[in-house]
Structures are given as C-alpha cells and as structure tokens.
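I opened the model and kept notes as I went. Each entry records what I looked up and what I found.

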Amino acid sequence: MKVLVTGVKGQLGHDVMNELAKRGIEGIGVDVDEMDITDAAACKKVITEAAPDAVIHCAAYTAVDAAEDNVDVCRKVNADGTRNIAMVCKDLNCKLMYISTDYVFDGQGTRPWEPDDERKPLNVYGETKYEGELAVETLTEKFFIVRIAWVFGVNGKNFIRTMIRLGNERGAVSVVDDQIGSPTYTYDLARLLVDMIQTEKYGRYHATNEGLCSWYEFACEIFRQAGMSDVKVTPVDSSAFPAKAARPKNSRMDKDKLEENGFMRLPSWQDALGRYLDEADLRKK
C-alpha cells in the first residue's frame with residue numbers, strides 16, 4: 001500500500017508518517033513546499049505522479065481567530081484545497097481521509113456530538129472545514145471524514161507546551177472551565193488513522209482520547225504530571241478571554257462508531273498526557 005500524506009510539518013501529519021514507516025507502509029509526505037493544495041494543477045500533478053492507494057489529508061488553515069480576518073485565505077486552504085485533492089482522488093479512484101474538527105458543530109448543549117449530527121459551525125474556521133467535508137462527500141465515494149479535537153503532539157506548538165511555559169514564567173495561570181472536550185494525542189490518533197485507511201469502512205467518524213475535562217482540569221493535570229504542582233491555576237469562564245472567533249463550549253464527541261466498525265478506542269487522555277510529557281521531555285527535573 002502507498003499513502004500520500006498532506007501537512008507533514010504539522011503535529012498529526014508528522015506522526016502519521018512515522019506510523020506508516022513503523023508498519024512498513026510506503027508514505028509520501030508533502031507540505032506546502034512540495035504541493036500547494038490551493039493550486040489545482042499542482043495537486044493533480046503531484047498526486048497523479050505519486051499514484052497512491054490513499055491520501056490522508058492533514059493540511060489545514062488552523063489559526064481560528066486569524067481566520068475571522070482572513071476569510072478568503074482560510075477558505076482557499078480548507079475548502080478549495082480539499083476540493084482540489086478530492087477531485088484528484090475521484091479521478092484516480094483512491095481512498096481519501098479528511099481530517100476535520102468538532103468546530104463543524106455549534107458547540108451547544110451537553111450531549112456528545114454524533115458523526116451524522118447536523119453541522120452548524122460557529123466561526124469561519126468551522127465553516128470552511130464544513131465546506132471541505134461537503135467537497136469530500138460530494139466528489140468521492142471512498143472517503144473517511146475523521147473529526148478530532150484538542151490535539152497535541154511533539155511536532156509543534158500546543159496547549160501543554162503553552163501551559164508549562166506560562167507556569168514557569170509566571171507561577172500562576174487562569175484557564176477557562178466552561179468548555180468541555182477530550183485532549184487528543186497525535187501519536188495515538190495516527191495509529192488509529194493508519195488502521196482505518198487500510199480498510200473500506202468508509203464514512204464519518206469521531207476520534208479523540210477517552211475521557212472528558214475542561215481546559216482548566218486539563219491544565220491542572222498537566223502541572224500535576226509535569227511535577228509543577230506549585231503553579232496556581234484559577235478557573236475562569238470564556239468571557240475572561242475575549243476572542244474574535246466563538247469557541248464551542250461542548251466538544252464532547254460520540255465515538256461508538258469506532259467500536260461498531262472494529263476499531264480500538266484511544267487510551268485515556270490522562271495516560272496520553274503522561275506519555276507525551278515523557279516523549280517531549282517536559283517533566284520538571
């Protein structure tokens with residue numbers, strides 16, 4: 001099997017390439033320097049020449065607040081870029097896995113979002129990712145749409161690194177406690193995605209590590225496991241941090257479909273956090 005992966009400079013793309021290599025599966029990694037996804041001709045040339053059996057599309061515009069001021073750029077990457085890739089996959093009759101987000105939902109209520117729930121994005125980022133989903137669903141038949149949330153990995157910036165940096169600099173942080181979700185380790189996620197891409201169990205899925213928490217609870221556990229329990233963590237509501245883009249308060253994701261199709265659920269987020277702190281060497285010495 002041969003798999004082309006976009007966005008390999010990001011946290012998830014990096015780990016997907018590593019997972020493919022571990023299993024002896026040929027992986028072809030591209031980022032913007034190798035293939036500008038907003039250029040339809042470039043997508044056609046690169047993907048056609050690679051002739052993959054599947055594409056795992058991790059590349060995205062993910063600056064949520066900046067997207068509110070850069071609507072055209074965000075749409076060009078997340079919607080148009082995904083459409084360009086989907087068109088080539090359709091022509092080549094190859095599988096396409098599109099990495100999406102909980103931001104396609106409106107973030108209201110407390111019920112976990114199911115894969116086929118109505119999509120009503122709150123912001124520009126969510127809207128463009130939704131448009132990307134529609135392109136995949138409309139243009140291809142062999143597709144996986146995998147929605148993820150609260151992602152962290154060794155290859156890039158993330159909430160954990162930010163908390164540890166602020167904890168060291170200030171000795172105290174304030175963190176929102178009215179947004180609920182599941183932190184997700186890209187190492188665990190990559191293993192699941194490679195499992196999935198080797199099957200024909202197509203459709204929409206949700207994939208996060210097991211367990212729920214608020215960002216405040218996540219921060220408390222980060223400091224506890226990192227050996228920084230002396231850092232003072234204060235819970236606040238979202239209004240304490242005004243942002244251009246509205247954030248979903250409910251990022252609970254129903255993952256029953258994974259088990260129903262024979263895929264393993266990911267480990268608990270607390271377990272994932274511990275392994276990440278070791279891999280990234282972030283525990284206090």
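**Entry 1: Ser182**

I started at Ser182, which sits in the loop between strand 8 (180-181) and strand 9 (184-185). This is a predicted model, so I read every value below as computed from it. Is Ser182 buried or exposed? Its relative accessibility is 2%, and Ser182 therefore counts as buried. The cut-off for buried is under 20% relative accessible area.

Next I asked which residues Ser182 is in contact with, leaving aside its neighbours within four places in sequence. I listed Ala149, Trp150, Thr208, Asn209, Gly211, Leu212 and Lys255. I also checked Ser182 against Met253, 71 residues apart along the chain. Their C-alpha atoms are separated by 8.1 Å.

**Entry 2: Ala243**

I moved to another loop. Ala243 lies between strand 13 (232-236) and helix 9 (256-260). I read 42% relative accessibility for Ala243, so this residue counts as partly exposed. I then took the C-alpha to C-alpha distance from Ala243 to Thr140. The two are 103 residues apart in sequence and 36 Å apart in space.

**Entry 3: helix 1 on helix 7**

I turned to helix pairs. How do helix 1 (residues 11-22) and helix 7 (residues 186-197) cross? Their axes come within 8 Å, at roughly 55 degrees. That angle is why I noted helix 1 as oblique to helix 7. The handedness of this crossing is right-handed.

I wrote down who makes the contact. Helix 1 brings Gln11, Leu12, Asp15, Val16, Glu19, Leu20 and Lys22. Helix 7 brings Thr186, Tyr187, Leu189, Ala190, Arg191, Leu193 and Val194. Sorted by class, the contact of helix 1 with helix 7 holds eight nonpolar, two polar and four charged residues.

**Entry 4: helix 2 on helix 4**

I ran the same check on helix 2 and helix 4 (residues 71-92). The axes come within 9 Å and cross at roughly 40 degrees. Helix 2 is therefore oblique to helix 4. I found a right-handed crossing here.

Ala40, Cys43, Lys44, Ile47 and Thr48 make the contact from helix 2. Asn84, Ile85, Val88 and Leu92 make it from helix 4. I sorted this contact into six nonpolar, two polar and one charged residues.

**Entry 5: cysteines**

Cys43 had come up in the helix 2 contact, and I wanted to know how many disulfides the structure holds. I found zero. Cys43 is in no disulfide, and the nearest cysteine sulfur, that of Cys89, is 9.4 Å away. A disulfide needs sulfur atoms within 2.5 Å. At 0% relative accessibility, Cys43 is classed as buried.

I checked Cys74 too. Cys74 is in no disulfide either, with the nearest cysteine sulfur, that of Cys43, 16 Å away. I read 0% relative accessibility for Cys74, so Cys74 counts as buried.

**Entry 6: helix 6 on helix 10**

What angle do helix 6 (residues 159-170) and helix 10 make? They pack at about 65 degrees, with their axes 12 Å apart. I therefore logged helix 6 as roughly perpendicular to helix 10. The crossing is right-handed.

From helix 6, Ile160, Arg161 and Ile164 meet Leu273, Tyr276 and Leu277 of helix 10. I counted five nonpolar, no polar and one charged in this contact. I then looked up which residues of helix 10 are buried. They are Trp269, Ala272, Leu273, Gly274, Tyr276 and Leu277. Leu273, Tyr276 and Leu277 thus appear in both the contact and the buried list.

**Entry 7: positive phi**

I ended with backbone angles. Asp281 comes in the segment after helix 10 (269-279). Its phi is near 55 degrees, a positive value in a residue other than glycine. Asp281 has a relative accessible area of 52%, so I marked Asp281 as exposed.

Ala51 has a positive phi as well, near 50 degrees. I placed Ala51 in the loop between helix 2 (40-50) and strand 3 (54-57). Is Ala51 buried, partly exposed or exposed? At 43% relative accessibility, Ala51 counts as partly exposed.

Methods: Residues numbered from 1 in each chain as written. Predicted model: local features only at pLDDT ≥ 70, side-chain atom pairs only at ≥ 80, totals over all residues. Heavy atoms only, no water. Helix = DSSP H or I, 4+ residues; strand = E, 2+ residues; numbered from the N terminus. Buried < 20%, exposed > 50% of the residue type's maximum accessible area, 1.4 Å probe, protein only. Axes fitted to C-alpha atoms, helices over the stretch in contact; angles between N-to-C directions. Parallel < 35°, antiparallel > 145°, perpendicular 65-115°, else oblique. Left-handed = near helix turned anticlockwise from the far one by under 90°. Contact = heavy atoms within 4.5 Å. Nonpolar A, V, L, I, M, F, W, Y, C, P; charged D, E, K, R; others polar.
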